[in-house]
Amino acid sequence: MIQVGIFSGYFPYDLKTTAQKARELGFNTVQLDLHFKDLDLTAGQITKEKAKLVADTFRDNNLPISAISGYTNIVHPDPDHRRANVEYLKEIIRNARSFGTPYVISESGTFNPDSEWDSDPHNKTEDAYEQVRDVLAELAQEAYDHGSIFLLETYVNNVIGSVRETVRVFNDIRSPGIELLMDPTNYFDASNIDDQAGVLNEVFDTLADKVRVAHAKDVKRAGDDKSEKHADIGDDDALASHTFRGVGEIELPAAGLGSLDYELYLQRLAERSPNAPLIIEHLDESDIPRAKKFIDDILRKYSI
């Protein structure tokens with residue numbers, strides 16, 4: 001049976017309250033966001049003692065941590081900004097095991113100077129690919145050296161944004177320090193969103209052996225509003241990665257509020273990556289029960 005989890009960042013509280021609220025809603029795992037009202041886990045502030053406190057608190061609530069959010073722009077066009085982003089990501093990777101999981105997740109980034117998620121013409125150049133590949137290889141080595149695994153999350157507007165580009169990364173970086181975060185909604189753009197079965201089957205037929213964790217959000221056409229969209233999740237200090245809901249032609253709402261063929265998605269996930277926990281995202285606390293029921297009903301329907 002597939003485990004269903006939630007990002008801890010959708011509970012904007014202190015550490016203990018966050019763990020308690022997630023458990024009260026029936027989750028049995030979390031993707032850890034390093035953001036609590038009573039604990040500083042920003043760059044330079046992570047210690048093994050703090051990490052163990054976090055791990056123990058979630059364990060006390062029967063909520064093992066499946067992965068850690070390390071989302072940042074690893075190819076930011078400003079060199080100093082890029083290096084700071086990568087160094088913090090490495091700090092998380094070095095301490096991941098102390099949090100109770102080997103897995104740390106980030107996307108591949110964009111050369112857009114104003115947004116972490118919008119596209120940029122340079123993203124699809126060979127130079128962009130080579131720069132990203134070099135950073136990903138660096139992260140994979142850091143992970144391997146510290147008993148961790150970096151999970152790459154493909155996103156269509158980033159440098160690594162397609163099945164072909166993702167396969168190329170794994171062909172070029174043959175390291176046990178890098179695997180894949182599966183989020184099929186991230187492979188859709190205006191050109192393929194109407195081919196749900198084609199995209200979902202290609203993703204799983206091609207990449208399923210690399211999948212360690214999966215996400216549950218949705219996808220739909222954005223309509224007239226092509227701006228970068230962010231939601232109010234009840235936390236003035238929330239990271240932009242938790243409020244982001246899409247940009248351009250594609251919107252990324254919570255599970256059950258878009259057009260993703262969820263029955264096909266979850267059947268393919270159970271078939272090809274049955275041990276990957278499924279982490280609900282792109283919602284606020286008030287919508288969590290609805291989204292969880294939506295996911296649970298499909299899992300129950302197919303006994304997966």
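In the predicted model, isoleucine 93 is placed in helix H3, which spans residues 79-99. The relative accessibility of isoleucine 93 is 0%, and the residue therefore counts as buried, the limit being under 20%. Apart from neighbours within four places in sequence, the residues in contact with isoleucine 93 are Val104, Leu139, Glu142, Ala143, His146, Ser148 and Phe150. Leucine 181 lies 88 residues away from isoleucine 93 in sequence, and the two C-alpha atoms are 15 Å apart in space.

The overall architecture comprises 9 helices and 12 strands. For a chain of 304 residues, a compact globule would be expected to have a radius of gyration near 19 Å, and the value of 18 Å for the protein agrees with this. Along the principal axes, the C-alpha atoms fill a box of roughly 45 × 45 × 35 Å. Of the 304 residues, 56% are buried. Among contacts with a separation of 6 or more, 78% are made by residues 24 or more positions apart. The accessible surface amounts to about 12400 Å², and carbon and sulfur atoms contribute 46% of this area. The side chains include 33 positive and 54 negative groups, and a distance of 6 Å lies between the centres of the two sets.

Two helices illustrate how buried residues are arranged around a helix axis. In helix H1, formed by residues 15-24, the buried residues are Leu15, Thr18, Ala19 and Ala22. Viewed down the axis of H1, these buried residues fall within an arc of 95°, so they line one face of the helix. In an α-helix there are 3.6 residues a turn, so residues three or four places apart point the same way. Lys16 and Glu24, on the other side of H1, are exposed. The packing partners of the buried residues of H1 are strand S1 (4-7), strand S2 (30-32) and helix H2 (48-60).

Helix H5 covers residues 163-172, and its buried residues are Val163, Glu165, Thr166, Val169 and Phe170. The arc that they cover around the axis is only 170°, which puts them on the same side of H5. These buried residues of H5 pack against helix H4 (126-145), strand S5 (149-153), strand S6 (178-182) and helix H6 (196-207).

The loops on either side of H5 each contain a buried residue that was examined individually. Asparagine 158 belongs to the loop between S5 and H5. With a relative accessible area of 0%, asparagine 158 is buried. Its contacts, leaving aside neighbours within four places in sequence, are with Glu107, Ser108, Gly109, Thr110, Glu116, Trp117, Asn123 and Lys124. Asparagine 158 and aspartate 120 are separated by 38 residues in sequence, and their C-alpha atoms are 8.1 Å apart in space.

Isoleucine 173 occupies the loop between H5 and S6. The relative accessibility of isoleucine 173 is 8%, and this residue counts as buried. When residues up to four places away in sequence are not counted, isoleucine 173 touches Arg133, Leu136, Ala137, Ala140 and Ile178. The C-alpha atoms of isoleucine 173 and aspartate 134 are separated by 9.1 Å, and the two residues are 39 residues apart along the chain.

Proline 12 is located in the loop between S1 and H1. With a relative accessible area of 15%, proline 12 is buried. Between the C-alpha atoms of proline 12 and lysine 37 the distance in space is 7.2 Å, for a separation of 25 residues in sequence.

Backbone geometry was also considered. Most residues other than glycine have a negative phi. Histidine 282, a residue other than glycine, has a positive phi near 60°. The position of histidine 282 is in the loop between strand S12 (278-280) and helix H9 (288-301). At 5% relative accessibility, histidine 282 counts as buried. Serine 303 is not a glycine either, yet its phi is positive, at about 55°. Serine 303 lies in the segment that follows H9. The relative accessible area of serine 303 is 67%, and this residue is exposed. Of these two residues with positive phi, histidine 282 is thus buried, whereas serine 303 is exposed.

Terms used. Residues are numbered from 1 along each chain as its sequence is written. This is a predicted model: local features need pLDDT of at least 70, side-chain atom pairs count only at pLDDT 80 or more; totals for chains, interfaces and linings use all residues. Side-chain values use heavy atoms; hydrogens and water are left out. Helices (H or I, at least four residues) and strands (E, at least two) are DSSP runs, numbered from the N terminus. The radius of gyration is taken over C-alpha atoms; the globule rule is 2.2 Å times the number of residues to the power 0.38. Buried means under 20% relative accessible area, exposed over 50%, partly exposed in between (1.4 Å probe, protein chains only). Contact means heavy atoms within 4.5 Å. Accessible areas come from the Shrake-Rupley method with a 1.4 Å probe; for residues, only the protein chains shown count as cover. Lys and Arg count as positive and Asp and Glu as negative; His and the chain ends are not counted. The place of a charge is taken as NZ of Lys, CZ of Arg, CG of Asp or CD of Glu. The arc is that of the directions from the helix axis to the C-beta atoms.
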